Amino acid sequence: MRDDNSATAPTSIALGGLGLAALGVLTFSFTLPSTVLGLEGLDPYLVSVGRSAAATVLAVVALLAVRARPPRPRQWAGLAVVGAGVIFGFPVLSTLALDHGAASAHSAVVVGLLPAATAVAAVLRGGERPSPAFWLASLAGAACVTGFAVIQGAGHLTPADLLLFGALVAAALGYAEGARLTHDMPGWRVISWSLVLSAPITLPVTLWLLATTGPHWTARATFGFGYVALFSAYLGFFAWYEGLARAGIARGGQVQLIQPVLTLAWSGLLLGERIDALTVLAALGVLVCVALAQRTRVSRAPRADRAEHPREAAATRA
């Protein structure tokens, strides 16, 4: 009986992780359209930095509510990487790209390439070793989404493209590092402490932008900013980081291949973009690639710190 339980437990954890990762992807799929709405009345830096400042208030309340202990000294460096990637890098660069004229479909290139970039970051930071079949499925999915975005008019290298590429790299590093940290603390604490660590920059900058940029809080701009502050900058990471930690950074990240198609669907509803038959074909291709990626083997190198301190890690996550 014990053998049966031990055999099924990893599978259950992986399936639960993929479900959580999918919930995170669903949450993040609204980010780009919501950012466009925010830009209708707000400065791009206010949208990108201000969302993290607002999320910091929620993070402080949550941490105080559970009387969370501060991270250990060796964890602060990882939290700084998370902050650089998902609190500053991706929000600022992607928002600037949208402000420089990149359409929502164009920006879907970033989201389409994120799973492949996250898998590379997992190899560098998470100790994962994807199989050749996994890489082929990942590249096929990335090619499918990228080709879809290119056909939709995203085939020109512009300053916005460079900003999107930088956002891609930043998000991949932040995702992989955040998932790695969830082995020692719950995912919601990873993003919470990263926001607190970034607060000495985000809070004063936001106050200065509010006083100097003349924001116009229209209904659409307020909705867009509110969404990226509450969900994109904070609550979405609860499910996303925990999902990556359970399913594996590289494999769990493949669920994000669905995100560009979802983003385009929301763009059609919120921004009036036309959704044609090509969107449906791309969605089917992406789903096939995700299914193939999930069936391939991904091994993870043992982590020395977890092997040496299993009880400490368990106590920290509690």
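# Worked exercises on a predicted helical chain

Helix α2 covers residues 31-39 and is mostly tucked away, with eight of its nine residues buried. Buried here means under 20% relative accessible area, while exposed means over 50% and partly exposed lies in between (1.4 Å probe, protein chains only). Helices (H or I, at least four residues) and strands (E, at least two) are DSSP runs, numbered from the N terminus.

A few ground rules before we start. This is a predicted model, where local features need pLDDT of at least 70 and side-chain atom pairs count only at pLDDT 80 or more, though totals for chains, interfaces and linings use all residues. Residues are numbered from 1 along each chain as its sequence is written, and side-chain values use heavy atoms, with hydrogens and water left out.

## Exercise 1: Get the overall picture

Find out how many helices and strands the chain has, and what share of its residues is buried.

- Step 1. Go through the secondary structure: the chain has 14 helices and two strands.
- Step 2. Turn to burial: 52% of the 318 residues are buried.
- Step 3. Zoom in on α2, where the buried residues are Thr-31, Leu-32, Pro-33, Ser-34, Thr-35, Leu-37, Gly-38 and Leu-39.
- Step 4. Look at contacts (heavy atoms within 4.5 Å). Of those with a separation of 6 or more, 92% join residues 24 or more positions apart.

## Exercise 2: Decide where to trust the model

Work out which residues have pLDDT under 50.

- Step 1. Recall that pLDDT is the predictor's confidence in each residue, from 0 to 100.
- Step 2. Check the chain as a whole: the mean pLDDT is 83, and 85% of the residues reach 70 or more.
- Step 3. Now look at residues 302-318, where pLDDT stays under 50 and the model has 24 contacts beyond four places in sequence.
- Step 4. Apply the general caution: where pLDDT is low, the predicted coordinates should not be read in detail.

## Exercise 3: Hunt for disulfides

Explain why Cys-289 makes no bond with Cys-144.

- Step 1. Set the cut-off: a disulfide is a pair of cysteine sulfur atoms within 2.5 Å.
- Step 2. Search the whole structure, and you get zero disulfides.
- Step 3. For Cys-144, the nearest cysteine sulfur is that of Cys-289, 5.7 Å away. The two sulfurs don't bond because that distance is too far.
- Step 4. Compare their surroundings: Cys-144 is partly exposed at 23% relative accessible area, whereas Cys-289 is buried at 9%.

## Exercise 4: Track down salt bridges

Count the salt bridges and see which parts of the chain some of them link.

- Step 1. Use the rule that a salt bridge is a side-chain nitrogen of Lys or Arg within 4 Å of a carboxyl oxygen of Asp or Glu. The count comes to four.
- Step 2. Take Arg-220 and Glu-40, whose side chains meet at 2.8 Å, N to O. This pair links distant parts of the chain, since Arg-220 is in helix α9 and Glu-40 is in the loop between α2 and α3 (44-65), 180 residues apart. Arg-220 is partly exposed at 41%, and so is Glu-40, at 43%.
- Step 3. Next comes Arg-74 with Asp-184, their closest N and O atoms being 3.8 Å apart. Arg-74 lies in helix α4 (residues 73-99) and Asp-184 in the loop between α7 (159-181) and α8 (187-212), so this bridge ties together parts 110 residues apart in sequence. Arg-74 is partly exposed at 44%, but Asp-184 is buried at 3%.
- Step 4. Finish with Glu-242 and Arg-246, which meet at 3.4 Å, N to O. They sit four residues apart in helix α9, so about one helical turn separates them. Glu-242 is buried at 12%, while Arg-246 is partly exposed at 41%.

## Exercise 5: Visit a buried glycine

Find the helix that holds Gly-253 and list what this glycine touches.

- Step 1. Locate Gly-253 in helix α10 (residues 249-253).
- Step 2. Check its cover: Gly-253 is buried, with a relative accessible area of 0%.
- Step 3. Leave out residues up to four places away in sequence, and Gly-253 touches Pro-115, Trp-240, Leu-244 and Gly-248.
- Step 4. Add a distance: the C-alpha atoms of Gly-253 and Tyr-175 are 8.7 Å apart, with their positions 78 residues apart along the chain.
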